[in-house]
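Colleague: Could you take a close look at the cysteines and the buried lysines of this model, and explain what surrounds them?

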Amino acid sequence: TVSLAVLDWCEQNGLLLNASKTNFVLFSPKNFQIQESYLMKLNGRSLVQAPSTKFLGVCVDSKLTWSDHINFLCKKLSSVCFLIRQIRDTVNKNILMLMYYGLFCSNVTYGLLNWGAASDVHRIFVLQKKVIRCIERMTPMESCRTIFSRLGILTLPCLHIFLLVQHIRRNIGKYIQRKDVHSYFTRTNYMLEIPFNRLTIGQKSFEYLGIKCYNNLPISIKEIGSNKQFNAKVRKLLTEKAYYSVDEYLCDG
């Protein structure tokens, strides 16, 4: 049967599980195969074991590769690209930009903190460049890097970095600074301790990547007291640089 802890939590939060709409997913590392089968029941009805499921609009698969979500997102964003291409001759550029932020960017931003380090996330970036070229009437081979900066649009990697450092900044009190570990004054004193992660999946987590990205910010930005000003400075930096990957950003520190 479904764990009593789950049922108790649902009851305490006013939620009612529908057995016909409920399934379960067994999570495991990418190269690990679960040999035994599991049977879960809810109110006497067997639940279906699924390789992936959609939770609050995000497709989560059993290996946490995020491939199903990216496939789902690519279909949705391709439709947006087609729509913008169809109407770009009948509306002005301001309308196209509103459509980009309302239909394209909003879908990309949702859940990006979790799936932004997926191995095939470049497919989303390709579509982002495609829609920018469509708005600017560029040829498929023209570079978009300067266009991103001119339009004030964050590239997909920059948007991911922005969300990562925002998360770290909001929760800065839970992380250990190197100055708290020893009493010596060094140039890395204001950097955060990076937790040890042996597995690749751990190194792709938003906590691990977020600390690395935050450490790579200029000290002048990290010393800003106001979160609003901090966000503005980070966005300005990322917009000007228009990085095409997180690694490019980390190597630019």
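Modeller: C144 has 0% relative accessibility and therefore counts as buried, a word that stands for under 20% relative accessible area, with exposed meaning over 50% and partly exposed in between (1.4 Å probe, protein chains only). This is a predicted model, in which local features need pLDDT of at least 70 and side-chain atom pairs count only at pLDDT 80 or more, while totals for chains, interfaces and linings use all residues. Residues are numbered from 1 along each chain as its sequence is written, and side-chain values use heavy atoms, with hydrogens and water left out.

The closest cysteine sulfur to that of C144 belongs to C134, and because 11 Å lies between them they are too far apart for a bond. C213 is likewise buried, at 0% relative accessibility, and its sulfur is 10 Å from the closest cysteine sulfur, that of C158, which is too far for a bond. Across the whole structure the search finds zero disulfides (a disulfide being a pair of cysteine sulfur atoms within 2.5 Å).

C144 also leads to a lysine, since leaving aside neighbours within four places in sequence, K129 is in contact (heavy atoms within 4.5 Å) with C144, F148 and Y244. K129 sits in helix α5, residues 122-136 (a helix being a DSSP run of H or I of at least four residues, a strand one of E of at least two, numbered from the N terminus). K129 is buried yet has no salt bridge (a side-chain nitrogen of Lys or Arg within 4 Å of a carboxyl oxygen of Asp or Glu), and the nearest side chain of opposite charge, E248, is 9.8 Å away (Lys and Arg count as positive, Asp and Glu as negative, with His and the chain ends not counted).
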